[in-house]
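Notebook open, model loaded. I wanted to look up cysteines, a helix pair and the chain symmetry.

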Protein chains: 2
Amino acid sequence: MILPTIGFIGLGIMGRPMARHILQAGYPLVVHSRSRPPIEALLALGAREAPTPAQVGTQCQVVITCLPDDETVRRVWLTGDDPALPAMTTDTIAIDMGTTSPSLTRELAQYAQSLGVAFLDAPVTGGQWGAESATLTIMVGGDPNAYERALPLFQTMGKKVVYVGESGKGQQMKLANQIAVAVGMLAVAESLLFAEQAGLDLNLTVETLSTGAAGSWAMENLGKRIAQGDFQPGFMVQLLQKDLHILLNEARQTATPLLGSALVHQLYTHLERTGEGRLGTQALIQALRRLSGEGA
Amino acid sequence: MILPTIGFIGLGIMGRPMARHILQAGYPLVVHSRSRPPIEALLALGAREAPTPAQVGTQCQVVITCLPDDETVRRVWLTGDDPALPAMTTDTIAIDMGTTSPSLTRELAQYAQSLGVAFLDAPVTGGQWGAESATLTIMVGGDPNAYERALPLFQTMGKKVVYVGESGKGQQMKLANQIAVAVGMLAVAESLLFAEQAGLDLNLTVETLSTGAAGSWAMENLGKRIAQGDFQPGFMVQLLQKDLHILLNEARQTATPLLGSALVHQLYTHLERTGEGRLGTQALIQALRRLSGEGA
């Protein structure tokens, strides 16, 4: 069987291992990135390089982006120099695997449709570790036939691939996920703040609270890091902030009040101001400690 | 081996099955309650009845209470007619298994000490189902020797018994637990509110979000109930409100701001006002829906 040629644009901490899994599954891979080291690493494994997004679009049956923000997504696909979408041919598939505004997603999907190109939104959860180990959860919106065609490709990168609905719905599911992540982090941080002020042992608290109705992935994993004073990122404050910014803009458009998410967004804004935006999201407890007058 | 005689005061939805487990483990049991049906049920299984808390105190080596609020706790142990504590003899153990203010706990423990009685605070989590199936988590504060002596008794009611520290620390651990429960419920409800407003299928959302970084006991169990429109209690709003009230009073004494817990407390206050205090805690989403202008 001849596998289609895949293009991959955006080789950051997520994109790089994701592209590698595609290549190692046997797909011909064409890559493009502004930074050299990940390009070199993938060329060494057999990928080819294209000098512009348009060249990726011309050469591939499927083009994937994994980019940091809306502005870059818009530029690479549509409005920059030599963008990818206008260069793609009929019946190819464009896939955005970053976290992007649902409204921008729908705009790009509509333009793609006018070219006969299917545009899928397929944001992921699972973080760097999930990307490395190909255990991501991938939430896909867009044309269901294109989804079926792309499914084997998604399966090289993820363990759980879910078709969510029409264009933009993958991004909306990702935002629902980030609400639970952000407010769930507040649940853990506020609980442990109270516990430490009461003089309770934090390791014992995390262990006691992990198994019952208070239990969560965050309590077990990030609560434990808080107890150990470890603020290294799993997932960085500034990346969650980018997602919460998209979320709150999106919710504003439908006049949906999100009391918890907005509160957590503001607390993390404090950490960005103090230069702690590159810490892990569990550093939320530092903001709470300062509110309680501790000089942490 | 001759087992000590146990007294049990307060036979509500939690106390009744807990007392039954003690009886069925072979301990002689003396019960006291204001309501007849649970008394009758336990008498039929071999318990004896005492007409006052003081009579329970006189007859037993260990006295347990499982009562609804601080006022009742104070009255039954100390300030009511024929209270239990002054009737207890040296070297016996008094145990409060309800959720009680840490400050009241310390006050009762101090008085008990003056009588040569050990007072343990041993609040539980796991709800009615945990009480029925003897799988409660029990968090114990107070004298460590008394804890060791009472441990076999706790093990008849709970699966996980944790010694937390000196008097009051069991109650503080319980409050830390309730913070994670309450704010974690907001994480689930706000996430599902956004999802339904985005037109996502709620069952699919709960399933997708349950396994990763957004996952929690609440998402899996109460998120599923929300998706099914089921607001029957696991744990009632008004009972969580009682605990949050204790929590916020306690935090006020140390000037500890608890932004998330206070927010959730206020949202649940809305549900109490609308006569929904006896629904399960997952009804939080109803308050959020109304804030979004839905007539739910």
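I searched the whole structure for disulfides (pairs of cysteine sulfur atoms within 2.5 Å) and got zero over all chains. C66(A) is in none, and its nearest cysteine sulfur, in C60(A), sits 16 Å away. At 13% relative accessibility C66(A) counts as buried, the cut-off being under 20% relative accessible area with a 1.4 Å probe, protein chains only. In chain B, I found the sulfur of C60(B) 16 Å from that of C66(B), its closest, which is too far for a bond. C60(B) is buried as well, at 2%.

Housekeeping: this is a predicted model, where local features need pLDDT of at least 70 and side-chain atom pairs pLDDT 80 or more, while totals for chains, interfaces and linings use all residues. Residues count from 1 along each chain, chains are lettered from A and ligands numbered from 1 as written, and side-chain values use heavy atoms without hydrogens or water.

Next I checked helix 9 (residues 202–209) against helix 10 (residues 217–227) of chain A: about 175°, axes 9 Å apart. Helices here are DSSP runs of H or I, at least four residues, numbered from the N terminus; axes are lines fitted to C-alpha atoms over the stretch in contact, with angles from 0 to 180 degrees between N-to-C directions. So helix 9 and helix 10 of chain A are roughly antiparallel (over 145 degrees). Their contact (heavy atoms within 4.5 Å) includes V206(A) and I226(A).

Last, I laid chain B on chain A: RMSD 0.0 Å, with a turn of 180° and a shift of 0.0 Å along the axis. The fit is least squares on C-alpha atoms with pLDDT of at least 70 in both copies. That is a two-fold axis relation.

Key
Helices (H or I, at least four residues) and strands (E, at least two) are DSSP runs, numbered from the N terminus. Angles under 35 degrees count as roughly parallel, over 145 as roughly antiparallel, 65 to 115 as roughly perpendicular and the rest as oblique. Buried means under 20% relative accessible area, exposed over 50%, partly exposed in between (1.4 Å probe, protein chains only).
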